[in-house]
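Have the model open and let's take a walk through it together. Rotate as you read.

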Amino acid sequence: MNKASSSELAINAKQLSRSFGELNAIDQLNLHVEKNTIYGFLGPNGCGKTTAIRMFTGLLKPSSGEVEVLGLQLPKDAEKLRHRMGYMTQKFSLYNNLTVKENLQFVAKIYGIAGKAQTSRIAELLSVYGLTQKQSQMAGSMSGGQRQRLALAAATLHKPEILFLDEPTSAVDPENRRDFWEKLFDLCDQGTSILVSTHYMDEAERCHKLAILEDGIKRADDAPAKLMANMAASVIEIKATGLRTLKTQLMQLPEIISAAQLGSSLRVLVKDTLDSPLQYIQQQTNIPVEQLNIVRPSLEDVFITCTGDSRQ
Amino acid sequence: MIASIYRIQAIFFKELIQLRRDRMTFSMIVMIPLVQLMLFGYAINTNVRHVPVAVVDYSQTAMSRVLLQTIEATQVVEIIQQHTDLKSAQNALEQAEIRAILIIPNDLSQRLARHPSAGFGLPAASDEETSRPIAQWIVDGSDTMISGAIKGLKNMPLSELFGKAANRNVPTFEVALFYNPEQRTAVNVVPGLLGIILTMTMIMFTSAAIVREREQGNMEMLITTPIRPIELMLGKIIPYIFIGLLQVCIILGLGYFVFNVPINGGLIPLFGITLLFISASLALGLVISTVANNQLQSMQLTIFILLPSILLSGFMFPYEGMPMPAQYIAELLPATHYMRLIRGVILRDIGFTDMMPDIYWLGAFTLICLAIASFRFKKNLD
């Protein structure tokens, strides 16, 4: 990779690994995150998302491999990176017994933002994140959504070029989550590169690009739409009765990746190796063709297809 | 450099705001020295008085009653029980109702008559027939302080018993008591208490303050910011230096006005060595904070340091009386060195050269602890 293209990358990880004793938390991860995009990390709890983010922020040293963030070698240049990155931890990590404004003032001082610049930046953030009314309230007494907005305001106070968000919305209701993502797109629009980890499909779908992680291994990465289009399976919806027995019956077939009930229908993932999955299902189950439908794959289907192997 | 000071200041003010909101900690800062000073100042008294005792008087004479009055007049003991036989008196001793039994034999008068203080000339000292003790104490010896006080009655002058003037014998030694002529315990306890309270609060507050950041997840945010470990540590401990000085003022002020403890030395050496000791304790607190994973552990480690500091530093028991191994341990504790310095300055106004060994030791201790703490405090999660 030449220098010109690597400078376009916000994160460039090569063969990055990290082990804790016997456990390989991250195994041979190759990752290219373009600048000015929102990049998603999708994976179940314990898949290595936090470990990866901690390596990208210089908090953890890789066991092997290389990682460059904003063109800075880590962990060597970790201190330089700190001025240019923002990090929002999974757990609320501001001070519960300080008010909203005091928390922001504290963070501003840490980044050396003083005087009028501090006052105007804090006022701006308070209004952008809808916290002006709450500025004298203790951070500990706010709702999950408000606290999340405060944490985002604090993480972006020094206008970082890259923002790391570790499961930012796990304690937030759907409406606040929507608003939160709108804010992320605003930041992205202003030139910030964002890496966000999540285990929510709807959130992952919003990202420009996405990596699916499982057991520290990257199973797939691309734009969500492409991931769905190139999925190595077909999705068939079966409307029938006796779905529970049908499911058990289907799950025994090697061509079936998964079967999950959604209300009164069964959503079945069939491997791409079959030429006509509909007929195959019909032959196996004797359910009339009218009750079978090929439907558009969702991100969840992609996730299950990518990660299914090791689960069985 | 300016950015660095700015960051230290950010931590410092944040710490002050949090401290102000933490009512419990804030009141402890004032209450610990206040209550401890009152407790130690009033309760701890090495001059034992009014020990409850019983009397078994086999002689039942006017002489024995006068003897008892003379003994009670010393105020060392208080006769609270009279028994007719030794058995019931021993029972009372076993039940811990009394601490000692005085047995007056029925031949008290004869013994008294032959006793040297009766004034019939000195009998041969070796002749037990002619001169014997007039009565016997049976003492609960488990508490050495109490048995010591009663042992002090062994050679009680009996001149008053015979209506003579008080004993004017020339003593073997003349004893002049410097620095604390009235023998008030508070004079020795109050300066020592400075060392104990500073050890307790300084180590506990710093170690807990840093461990708390880690426990509540704030550290994960802090280490992703440009702040340096040394800036974080300094910002965290500076508020506690002021708290330490505030506590010193409370203890010395109360000691001066309530317990009449004089401050013979200058205030500059006093606050100089106190600042040095505060630094040493804070540095030790920092080391603990890099070892402990949560506030409970940091508290346990603080007590681990505090107990030997109370017992071995010379605060409660004289350093010189301890066996050698205990003295070696005591030498390791900053409190021991501070105890010597502060008592020297407050009570004896010692000179700078006399302080040097302990000052060097405290300074070296502080530097070593700071080095260990910054070495162990890592700005990553490995």
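What follows goes through chain A, then chain B, and ends where the two chains touch.

Keep in mind that this is a predicted model. Chain A holds twelve helices and 14 strands, and its C-alpha atoms fill a box of roughly 75 × 45 × 35 Å along the principal axes. Of its 312 residues, 44% count as buried. If you look at contacts in chain A with a separation of 6 or more, 67% of them come from residues 24 or more positions apart.

Let's start at β4(A). Strand β1 (residues 9-20) of chain A runs antiparallel to β4(A), and five bridges join the two; one pair to look for is A:A13, which stands opposite A:V67. β4(A) also pairs with β5(A), again in the antiparallel sense, over three bridges. Here A:E68 has A:Q73 in β5(A) as its bridge partner. β4(A) and β5(A) make a hairpin with two residues between them.

Now for the turn of that hairpin. Most residues other than glycine have a negative phi, and most peptide bonds are trans. A:L70, in the loop between β4 (64-69) and β5 of chain A, goes the other way: its phi is positive, near 50°. Is this leucine buried or exposed? A:L70 has 20 other C-beta atoms within 10 Å, so it counts as buried. Move a little further along the chain and you meet another backbone oddity, since the peptide bond from A:L74 to A:P75 is cis, with omega near 0°. A:P75 sits in the loop between β5 (72-74) and α3 (78-82) of chain A.

Two more spots in chain A are worth a stop. A:D215 is in the loop between β9 (209-214) and β10 (217-222) of chain A, and it too has a positive phi, about 50°, although it is not a glycine. A:D215 has 17 C-beta neighbours inside 10 Å, so it counts as partly exposed. The other stop is a hairpin, where strand β12 (residues 256-262) and strand β13 (residues 265-271) of chain A pair in the antiparallel sense over six bridges. A:A259 stands opposite A:V268 in this pairing. Two residues lie between the strands of the hairpin, and A:G263 takes a positive phi near 60°.

Over to chain B, where four strands form an open sheet in the order β2-β1-β3-β4, with mixed pairing. Its edge strands are β2 (77-83) and β4 (136-139) of chain B, each of which pairs on one side only. On average, neighbouring strands of this sheet are turned by 30° against each other, direction ignored. Inside the sheet, strand β1 (residues 51-57) and strand β3 (residues 100-104) of chain B pair in the parallel sense over five bridges, and B:A54 has B:I101 in β3(B) as its bridge partner. Helix α4 (residues 86-94) of chain B packs on the sheet, where it touches β1, β2, β3 and β4 of chain B, and its direction makes about 170° with that of β1(B). Helix α3 (residues 62-73) of chain B lies across β1, β2 and β3 of chain B and runs at about 145° to β2(B).

Next, follow helix α2 (residues 23-43) of chain B from end to end. How far apart are its end C-alpha atoms, and what should its 21 residues span? At 1.5 Å a residue the span should be 30 Å, and the end C-alpha atoms are 28 Å apart, which agrees. Along the way there is a kink of about 35° at B:M31, shortly before the proline B:P33. That proline is buried in α2(B), as are B:L37, B:F40 and B:G41. An α-helix has 3.6 residues a turn, so residues three or four places apart point the same way. The cover over the buried residues of α2(B) includes α7 (185-215) and α9 (229-257) of chain B.

Finally, bring both chains into view. Here 20 residues of chain B are in contact with 23 residues of chain A. On the chain B side, the elements that give two or more residues are α1 (2-21) and α8 (218-222) of chain B. The largest share, eight residues, comes from α1(B). By class, this side of chain B has nine nonpolar, six polar and five charged residues.

Technical notes: Residues numbered from 1 in each chain as written. Chains lettered and ligands numbered in written order. Predicted model: local features only at pLDDT ≥ 70, side-chain atom pairs only at ≥ 80, totals over all residues. Buried ≥ 20, exposed ≤ 12 C-beta atoms within 10 Å, placed from the backbone. Pairing = 2+ DSSP bridges. Axes fitted to C-alpha atoms, helices over the stretch in contact; angles between N-to-C directions. Contact = placed C-beta atoms within 7 Å. Expected span 1.5 Å × (residues − 1). Bend = angle between axes of the 7 residues up to and from the residue. Nonpolar A, V, L, I, M, F, W, Y, C, P; charged D, E, K, R; others polar.
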